[in-house]
Amino acid sequence: MNTSDDSLFDSVDLGDETLPNRVGLAPMTRTSATADGRATTEMARYYAKFARGGFSFLITEGTYPDEAYGQGYDDQPGIANDDHVEAWRRVTDAVHDEGAPIFAQLMHAGALSQGNRYTDERLAPSAVRPKGEQLEMYGGRGEFPEPRAATADDIGDVIENFVAAAERAVDANFDGVEVHGANGYLLDQFLTTYTNERDDEYGGDVENRIRLTAEVLEAVRAATPDGFVVGVRISQSKVNDPDYRWPGGEDDAAVIFERLTDAGADYLHVTEEDVTTPAFESGPTLTELADRYGDVPVIANGALEDPDAARATVDEGADLITLAKGALANPDWPQRVAEDRPLEDFDFQRILQPDATIDESEVPEPADADD
Ligand SMILES: Cc1cc2nc3c(=O)[nH]c(=O)nc-3n(C[C@H](O)[C@H](O)[C@H](O)COP(=O)(O)O)c2cc1C
């Protein structure tokens, strides 16, 4: 197909960026940083490879914002101190050399933390032990510990720590940040009915349950320069509960997407295991709902590695799409699609087993590295 006829290769404006196509890299935790949370040269080569392969923007793996309760996994990168900033600069430099912007995903794991070098305590909206079991792919085992309910002071600290992390992301030469409000981590624990039993202004109806995510966004937006992209990721499903759906259906979706738009998000990144299916039993997809009730660009993610599924999602209202597993299988997915070359299937065993760390076979030779 001639790319000028292909909607995936339209250019799109986001913050200060003009992206040459609609296809970005989705955030993927690879637990390949140093034990104290510094990004490595291997990670720089890994991220640069996707930019070289034609992805028009990259979102990093979930990165912990603080030296308190934020970290979720051993060997997860942080953006919680100056050493982390220094280490991320080699990643942002390597990606910028390939011509793409890169956004840091700021992730507070909350009750889903299964590895934190700073504390053994877990912070959550309420003292509710998470469903399911820790993820073995990230080195965990068995049930999650019971977390402690956040006090009003803790909530203030969470917001401040997201802001400080976003400021450090500016220093590390990131082009934006994505506030991780999805997939069952801390902010999503506030949004989710059964993990939030609070009776203050952060619990109860959906307006209250989305409040913390919105306040984090507002504070991060206010603290970062104009043109620096501040996005948010939202989902219904969670790593430890894939079938959860917002109990209020479309009414909840309306409140959530309107509130996040009002909070100043530059984009809404919606994700489901398969984002092409209806958000609820039937009816619109999450992409359509974000487009209907939000007023900013929508990024859609989940089972879009088939180019026709990606195009159909653009037709539905997504301005951009992201790929996770499809990108691991095809680090040059946009180039392959542009040139009408075949795509590789994702091989879970080869790429993500026995653990999720970056394999040497996934990164170009060090000679290609920028440092
Ligand atoms: C190895 C792996 C790690 C992931 N880590 C993150 C993460 O750090 N943050 C996040 O928001 N989503 C994470 N995800 C979810 C993906 O971003 C994406 O939502 C999911 O894989 C569905 O998209 P896909 O069908 O394109 O793979 C991860 C997925 C995989 C496979």
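Which residue forms a salt bridge with Arg 30, and how far apart are the closest N and O atoms? I looked this up at the start, keeping in mind that the model is a predicted one. The partner is Glu 362, and the closest N and O atoms of the two residues are 2.7 Å apart. I then noted where the two residues sit: Arg 30 is in the loop between strand E3 (23–25) and helix H1 (41–52), while Glu 362 is in the segment after helix H12 (348–352), so that I have written the pair down as one linking distant parts of the chain, 332 residues apart. For Arg 30 I found a relative accessible area of 0%, and the residue is therefore buried. Glu 362 has 9% relative accessibility and counts as buried because the cut-off for that word is under 20%.

**Other salt bridges**

I searched the whole structure for salt bridges and the search returned 20 of them. One that I followed up joins Glu 121 to Arg 148, with the closest N and O atoms 3.4 Å apart. Glu 121 belongs to the loop between strand E5 (102–106) and strand E6 (123–124), and Arg 148 to strand E7 (residues 148–149), so this pair ties together parts of the chain that are 27 residues apart in sequence. I checked the exposure of both ends: Glu 121 is partly exposed at a relative accessible area of 35%, and Arg 148 is likewise partly exposed, at 24%.

I also looked at Arg 336 and Glu 344, whose side chains meet in a salt bridge at 3.8 Å, N to O. Here Arg 336 counts as buried, with 15% relative accessibility, whereas Glu 344 is partly exposed, with a relative accessible area of 47%. My last entry under this heading is a network of salt bridges, in which Asp 6, Asp 308 and Arg 311 are linked.

**The negative patch**

Which residues form the negative surface patch? I listed Asp 82, Asp 83, Glu 167 and Asp 171. When I placed the patch on the secondary structure, I found that helix H2 (82–97) and helix H3 (152–171) each supply at least two of its residues. I took Asp 82 as the member to examine further: it lies in helix H2, and its relative accessible area is 63%, so Asp 82 is exposed.

**Ser 235**

Is Ser 235 buried or exposed? I found this residue in strand E9 (residues 229–235), and with a relative accessible area of 0% Ser 235 is buried. I next asked what its side chain contacts, and noted two distances. A polar atom of the Ser 235 side chain lies 2.8 Å from the backbone nitrogen of Asn 183, and the side chain of Ser 235 also reaches the backbone oxygen of Ser 237, at 2.8 Å.

**Backbone geometry**

I went through the backbone with one general point in mind, that most residues other than glycine have a negative phi, and most peptide bonds are trans. Against that background I recorded a cis peptide bond, which runs from Gln 353 to Pro 354 and has omega near 5 degrees. Pro 354 lies in the segment after H12, and Glu 362 of the salt bridge with Arg 30 is in the segment after that helix too.

Where is Asp 75 found? I located it in the loop between strand E4 (57–63) and H2. Its phi is near 65 degrees, a positive value in a residue other than glycine, and Asp 75 is partly exposed, with a relative accessible area of 30%. I made a similar entry for Asn 173, which is not a glycine and yet has a positive phi of about 70 degrees. Asn 173 lies in the loop between H3 and strand E8 (176–180), and its relative accessible area of 34% makes it partly exposed.

**Ala 279**

My final look-up was Ala 279, found in the loop between strand E10 (267–271) and helix H8 (286–293). Although it is in a loop, Ala 279 is buried, with a relative accessible area of 4%. I also noted its separation from Ala 324: the two residues are 45 residues apart along the chain, and their C-alpha atoms are separated by 20 Å.

Conventions. Residues numbered from 1 in each chain as written. Predicted model: local features only at pLDDT ≥ 70, side-chain atom pairs only at ≥ 80, totals over all residues. Heavy atoms only, no water. Patch = residues over 30% accessible without salt bridge, like charges linked within 9 Å, V, L, I, M, F, W, Y side chains within 5 Å. Areas by Shrake-Rupley, 256 points an atom, 1.4 Å probe, with all protein chains shown as cover. Salt bridge = Lys/Arg side-chain N within 4 Å of Asp/Glu carboxyl O. Lys, Arg positive; Asp, Glu negative; His and termini not counted. Charge placed at Lys NZ, Arg CZ, Asp CG, Glu CD. Helix = DSSP H or I, 4+ residues; strand = E, 2+ residues; numbered from the N terminus. Buried < 20%, exposed > 50% of the residue type's maximum accessible area, 1.4 Å probe, protein only. Polar contact = N/O pair within 3.5 Å; in protein donor to acceptor, adjacent residues only side chain to side chain.
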